[in-house]
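Biologist: I'd like to learn how to read pockets, sheets and odd backbone angles in a model. Could you walk me through one?

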Amino acid sequence: LFALLDALAAEGRPPRAVWLTHAHEDHVGAVAAVAARYRVPVRAHAQAAGRVPGVAVEPVREGELLGGRFLVLETPGHAREHLAFLDEESGALFCGDLVSTLSTIVVDPPEGDMAEYVRQLERMRALRPRTLFPAHGPPAPDAGARLSAYVAHRREREALVVAALEAGGGRLADVTARAYADTPG
């Protein structure tokens, strides 16, 4: 990471800030080191304050324009403080853990909220981004199709959970086993 950032700085494109999509551990590990090395602020949702080790967070809000072109979008669901950044000019959506091109995203209560997560997927789809840049996996140039597939998958999974409950309920482990019978344990 430092080699890449140093090379960009040598080309006259030094880092100006760190933008965080959310404060989960797998997203903040190098933040303090990058912020200190390049003396740049860390920008994130206000709810990320105090959750990023070694740095103070400068809050951003829905509708702000960062770097002169990236629209801040509050996208809770996976995490309460989740953000995405949309370059309206190119259609690039830096979506953090809203979408992964490697697997589906875990939405784990109480921090995660599946209904809100699906609303945000639909909201992002309505913005008509061209390319998704997720935190996990390669870019997806078919943004609309990918977002539609995510929504469809969540709706299908919801139907399986309801069917598992209607089939007799039981302990959470029993319902989970029925609803996720197609998924390796």
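Modeller: Let's go through the pockets, then a helix, a sheet and some backbone angles.

Modeller: This is a predicted model, so local features need pLDDT of at least 70 and side-chain atom pairs count only at pLDDT 80 or more, while totals for chains, interfaces and linings use all residues. Residues are numbered from 1 along each chain as its sequence is written, and side-chain values use heavy atoms, with hydrogens and water left out.

Biologist: What is the volume of the largest pocket?

Modeller: The general idea: rolling a probe the size of a water molecule over the atoms shows where empty space is left. A pocket is an open set of points on a 1 Å grid over the protein atoms alone, where a 1.4 Å probe fits, with protein on both sides within 12 Å along at least five of seven lines; lining residues have an atom within 4 Å of a point. Points are joined across faces, edges and corners, and the volume is the space filled by probe spheres set on them. Here the largest pocket comes to about 1,200 Å³.

Biologist: Which residues lie nearest the centre of the largest pocket?

Modeller: Leu-5, Pro-15, Ala-17, Val-18 and Trp-19, out of 31 lining residues. The lining splits into 21 nonpolar, six polar and four charged, where nonpolar is Ala, Val, Leu, Ile, Met, Phe, Trp, Tyr, Cys and Pro, charged is Asp, Glu, Lys and Arg, and the others, Gly among them, are polar. Elements that each supply at least two lining residues include α1 (2-10) and α3 (31-38); helices (H or I, at least four residues) and strands (E, at least two) are DSSP runs, numbered from the N terminus.

Biologist: Which helix gives the largest share of the second largest pocket's lining?

Modeller: That's α5, with five residues. The second largest pocket holds about 310 Å³, and its lining has seven nonpolar residues, one polar and three charged.

Biologist: How do I check the length of α5?

Modeller: The expected span is 1.5 Å times one less than the number of residues. For the 24 residues of α5 that gives 34 Å, and the end C-alpha atoms are 35 Å apart, which agrees. Its buried residues (under 20% relative accessible area with a 1.4 Å probe, protein chains only; over 50% is exposed, in between partly exposed) include Leu-147, Tyr-150 and Arg-154.

Biologist: What is the strand order in the sheet?

Modeller: Strands pair if DSSP finds at least two bridges between them. This open sheet of five strands runs β4-β5-β6-β7-β8, with mixed pairing. Its edges are β4 and β8, each pairing on one side only. β5 is mostly covered, with four of its five residues buried. β5 and β6 are antiparallel over five bridges, and Val-72 stands opposite Phe-85 in β6. β4 and β5 make a hairpin with three residues between them, where Gly-67 in the turn has a positive phi of about 60°.

Biologist: Which non-glycine residues have a positive phi?

Modeller: Most residues other than glycine have a negative phi, and most peptide bonds are trans. Arg-39 has a positive phi of about 50°, in the loop between α3 and β2, and is exposed at 75% relative accessible area. Arg-128 has one of about 55°, in the loop between α4 and β8.

Biologist: Where is there a cis peptide bond?

Modeller: One joins Pro-109 and Pro-110, with omega about 10°. Pro-110 lies in the loop between β7 and α4.
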